[in-house]
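Open your viewer and get ready to select a few residues. This tour goes stop by stop, telling you what to pick next and what you will find there.

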Amino acid sequence: MNPFSMAVDATFQSFGIPATYTPGGGESVAITAMTKRPDEVTAFGDTRIHSETAVFEFRVSEVLSPRSGDQLHVDGVDYLIQGEPVADRDRLVWTLDCYPV
């Protein structure tokens, strides 16, 4: 196992939370996720709109090919993946933009 993969596994083990990933029409899989919930400020003319976002990360080793429209269940809330998931450079971690359903 390479040192980057070992570091990612250690990080998820220390800071990750239990989650369930469900592909469209498929079987649910228990995974470990890390949450990021940065606030997003969007300028619209002279107005600034403040909105919460839901961004999750999980390991590629747990889910090989997540897709837009799949679901994630975290802390009692169901989220729908929107847009295409993005993998890091080493293809160890997926980053997913989601919204609650």
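**First stop: a charged pair**

Start by selecting R89: this residue counts as exposed, because its relative accessibility is 75%. The cut-offs are these: buried means under 20% relative accessible area, exposed means over 50%, and partly exposed lies in between, using a 1.4 Å probe and protein chains only. Add D90, which is partly exposed with a relative accessible area of 36%. R89 and D90 form a salt bridge, with their closest N and O atoms 3.7 Å apart. A salt bridge here is a side-chain nitrogen of Lys or Arg within 4 Å of a carboxyl oxygen of Asp or Glu.

Before moving on, note that this is a predicted model, in which local features need pLDDT of at least 70 and side-chain atom pairs count only at pLDDT 80 or more, while totals for chains, interfaces and linings use all residues. Residues are numbered from 1 along each chain as its sequence is written, and side-chain values use heavy atoms, leaving out hydrogens and water.

**The barrel**

Now switch to a cartoon view. Which strands close into a barrel, and in what order? Six do, in the order β1-β2-β5-β8-β7-β6, with antiparallel pairing. Strands are DSSP runs of E with at least two residues, numbered from the N terminus, and two of them pair if DSSP finds at least two bridges between them. On average, neighbouring strands of this sheet are turned by 45° against each other, direction ignored; the angles are taken between lines fitted to C-alpha atoms, in N-to-C directions, on a scale from 0 to 180 degrees.

Select residues 17–22 for β1 and 29–36 for β2: five bridges join these antiparallel strands. One place to look is T20, whose bridge partner in β2 is A30. Six residues lie between the two strands of this hairpin, and G25 in the turn has a positive phi of about 75°.

Next, add β5 (residues 54–59), which pairs with β2 in the antiparallel sense over four bridges. Here T35 stands opposite F56, and M34 has E57 as its bridge partner.

**More salt bridges**

Stay on E57, which also forms a salt bridge with K36, at 3.0 Å between the closest N and O atoms. The two residues are 21 apart in the chain, E57 in β5 and K36 in β2. E57 counts as buried at 14% relative accessibility, whereas K36 is partly exposed at 39%.

Then pick R59 and E62, whose side chains meet in a salt bridge of 3.2 Å, N to O. Add D9 to see a network of salt bridges linking D9, R59 and E62. The whole structure has four salt bridges.

**Inside the cores**

Select Y21, I31, F56, F58, L72, Y79 and C98: these have the most contacts inside the largest nonpolar core, which has 16 residues. Such a core is a set of buried Ala, Val, Leu, Ile, Met, Phe, Trp, Tyr and Cys residues joined through side-chain atoms within 4.5 Å. A second, separate core of five residues includes V8, M34, L92 and V93.

**Last stop: V86**

Finish at V86, in strand β7 (residues 77–87). Is this residue buried or exposed? V86 counts as exposed, because its relative accessibility is 52%. Beyond its neighbours within four places in sequence, V86 is in contact (heavy atoms within 4.5 Å) with V93, W94 and T95.
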